[in-house]
Amino acid sequence: MSIDVKENMKKNKALQIIDVREPSEFSSGHIPGAINIPLGQLTSRYKEIDPNRETAVVCLSGGRSSRACEFLQSVGYNQLHNVMGGMSSWDGPVER
Ligand SMILES: O=S(=O)([O-])[S-]
């Protein structure tokens, strides 16, 4: 489950990006258009994620996002991509 998010953003405008970091981390810089659902809120808020769209999940360095992907898979999501290396290796555009 890895994805080149930048490539995918160009080709696939339907890609939804879920950032599972805490709100303070999210507001310090996130991928444009990302939706912030902190990992601790995912079990109560995952229905905000459209199961019919390709979904990229990102955190700081890949730990929380891989746990988030496991959870989402367990509740039936299957178009999931864990953003390898997370925001620490993201060199694309950032929104604050
Ligand atoms: O964001 S992280 O869980 O990889 S430290």
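Residues with a relative accessible area between 20% and 50% are classed as partly exposed, whereas buried residues fall under 20% and exposed residues over 50%. In the predicted model described here, glycine 85 belongs to the partly exposed class, because its relative accessible area is 27%. Glycine 85 is placed in the segment after E4. Although 26 residues separate glycine 85 from cysteine 59 in sequence, their C-alpha atoms are 8.4 Å apart in space.

Cysteine 59 also enters the description of the cysteines. A disulfide is a covalent bond between the sulfur atoms of two cysteines. A search of the whole structure for such bonds returned 0 disulfides. For cysteine 59, the closest cysteine sulfur is that of cysteine 69, at 9.3 Å, which is too far for a bond. The reverse search, started from the sulfur of cysteine 69, leads back to cysteine 59 at 9.3 Å, again too far for a bond. The cut-off for a disulfide is a sulfur-to-sulfur distance within 2.5 Å, so a separation of 9.3 Å does not qualify. Both cysteines are withdrawn from the surface by the accessibility criterion: cysteine 59 is buried, with a relative accessible area of 1%, and cysteine 69 is likewise buried, at 0%.

Cysteine 59 is, in addition, part of the surroundings of the ligand. The shell around the ligand consists of Cys59, Leu60, Ser61, Gly62, Gly63 and Arg64. By residue class, this shell comprises 2 nonpolar, 3 polar and 1 charged residues. Oxygen atoms of the ligand are approached by both backbone and side-chain atoms of the protein. From the backbone, an N or O atom of leucine 60 lies 2.9 Å from a ligand oxygen, and a polar backbone atom of glycine 62 is placed 3.1 Å from an oxygen atom of the ligand. From the side chains, a polar atom of arginine 64 is found 2.9 Å from an oxygen atom of the ligand. Of the 210 Å² of accessible area that the ligand has on its own, the protein covers 74%.

Aromatic contacts were examined next. A pair of aromatic rings is described by the distance of the centres and the angle of the planes. The count came to 2 aromatic pairs. In one of them, tyrosine 46 and phenylalanine 71 are arranged edge-to-face, with 5.4 Å from centre to centre and 75° between the planes. This pair joins distant parts of the chain, as tyrosine 46 lies in the loop between helix H3 (42-45) and strand E3 (55-58), while phenylalanine 71 lies in helix H4 (residues 63-74), 25 residues apart. Tyrosine 46 counts as buried because its relative accessible area is 16%. Tyrosine 46 also pairs edge-to-face with tyrosine 77, at 6.1 Å centre to centre and 85° between the planes. Here, too, distant parts of the chain are linked: tyrosine 77 is in the loop between H4 and strand E4 (80-82), 31 residues from tyrosine 46. Tyrosine 77 is buried as well, with a relative accessible area of 7%. Tyr46, Phe71 and Tyr77 together constitute one aromatic cluster.

Polar contacts at arginine 21 involve residues of two strands. Aspartate 19, located in strand E1 (residues 16-19), is buried, at 0% relative accessible area. The side chain of aspartate 19 makes a polar contact of 2.8 Å with the side chain of arginine 21. Asparagine 36 lies in strand E2 (residues 35-36) and, with 15% relative accessibility, is buried. The side chain of asparagine 36 reaches the backbone oxygen of arginine 21 at 2.9 Å. Arginine 21 is thus contacted through its side chain by aspartate 19 and through its backbone oxygen by asparagine 36.

A further approach between separated parts of the sequence concerns two prolines. Proline 23 is situated in helix H2 (residues 23-27) and is partly exposed, with a relative accessibility of 44%. Proline 23 and proline 38 stand 15 residues apart in sequence, and 7.1 Å separates their C-alpha atoms in space.

Technical notes
Residues numbered from 1 in each chain as written. Predicted model: local features only at pLDDT ≥ 70, side-chain atom pairs only at ≥ 80, totals over all residues. Heavy atoms only, no water. Buried < 20%, exposed > 50% of the residue type's maximum accessible area, 1.4 Å probe, protein only. Near = heavy atom within 4 Å. Polar contact = N/O pair within 3.5 Å; in protein donor to acceptor, adjacent residues only side chain to side chain. Areas by Shrake-Rupley, 256 points an atom, 1.4 Å probe, with all protein chains shown as cover. Nonpolar A, V, L, I, M, F, W, Y, C, P; charged D, E, K, R; others polar. Phe/Tyr/Trp six-rings, centres within 6.5 Å; stacked < 30°, edge-to-face > 60°. Helix = DSSP H or I, 4+ residues; strand = E, 2+ residues; numbered from the N terminus.
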